[in-house]
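Could you walk me through this structure in my viewer, one selection at a time? I have not seen it before, so please tell me what to click and what is there.

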Amino acid sequence: MTTSPWLAAIATLGIIAAYEGWLAIAQRLAPGRLARSAHASLREDWFAAI
């Protein structure tokens, strides 16, 4: 049963990669709907105001 930890690690990395891929696509399609890009936009506006 030494392959079980490796399979779990690969599955975990796959889930993280899929999530990050989905997030990148969603951010390109609707940047204002995600907090990460909305906050980045607010920071840019704040920096420009200062």
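Start by selecting Trp 46 in this predicted model. Is Trp 46 buried or exposed? Its relative accessible area is 56%, and since anything over 50% counts as exposed, Trp 46 is exposed. You will find this residue in helix α2, which covers residues 35-49.

Keep Trp 46 selected and add Phe 47 and Ile 50. Together, Trp 46, Phe 47 and Ile 50 make a nonpolar surface patch of about 450 Å². Colouring these three residues alike will help you see the patch on the surface.

Now draw a distance from Trp 46 to Glu 20, C-alpha to C-alpha. The two residues are 26 apart in sequence, and the line in your viewer should read 27 Å.

Next, select the whole of helix α2. How far apart are its end C-alpha atoms? They are 21 Å apart, and this agrees with the 21 Å that 15 residues should span at 1.5 Å a residue. Of those 15 residues, the number buried is one, so α2 lies largely in the open.

Step back along the chain to Leu 34, which sits in the loop between α1 and α2. Show its surroundings, leaving out residues up to four places away in sequence: Leu 34 touches Leu 23, Ala 26 and Gln 27. For a longer line, join the C-alpha atoms of Leu 34 and Pro 5; these residues are 29 apart along the chain, and the separation is 34 Å.

Follow one of those contacts to Leu 23. This residue belongs to helix α1, residues 3-29. Why does Leu 23 count as buried? Its relative accessibility is 7%, and buried means under 20%, so Leu 23 falls in that class. Setting aside neighbours within four places in sequence, Leu 23 is in contact with Leu 34 and Arg 36. Leu 23 and Leu 34 are 11 residues apart along the chain, with 8.8 Å between their C-alpha atoms.

Finally, zoom out until the entire chain is in view. How many helices and strands does the protein chain have? There are two helices and zero strands. Turn the model to look along its principal axes: the C-alpha atoms fill a box of roughly 60 × 25 × 10 Å. The radius of gyration is 18 Å, whereas a compact globule of 50 residues would have one near 10 Å.

Switch on the surface for the last stop. The protein chain exposes about 4600 Å², and carbon and sulfur atoms supply 70% of that area. Of the 50 residues, 8% count as buried, and Leu 23, at 7% relative accessibility, is one that does.

Definitions and conventions
Residues are numbered from 1 along each chain as its sequence is written. This is a predicted model: local features need pLDDT of at least 70, side-chain atom pairs count only at pLDDT 80 or more; totals for chains, interfaces and linings use all residues. Side-chain values use heavy atoms; hydrogens and water are left out. Patches are made of residues with over 30% relative accessible area and no salt bridge: like charges are joined within 9 Å, nonpolar side chains (Val, Leu, Ile, Met, Phe, Trp, Tyr) within 5 Å. Accessible areas come from the Shrake-Rupley method with a 1.4 Å probe; for residues, only the protein chains shown count as cover. A salt bridge is a side-chain nitrogen of Lys or Arg within 4 Å of a carboxyl oxygen of Asp or Glu. Helices (H or I, at least four residues) and strands (E, at least two) are DSSP runs, numbered from the N terminus. Buried means under 20% relative accessible area, exposed over 50%, partly exposed in between (1.4 Å probe, protein chains only). Contact means heavy atoms within 4.5 Å. The radius of gyration is taken over C-alpha atoms; the globule rule is 2.2 Å times the number of residues to the power 0.38. The expected span of a helix is 1.5 Å times one less than its number of residues.
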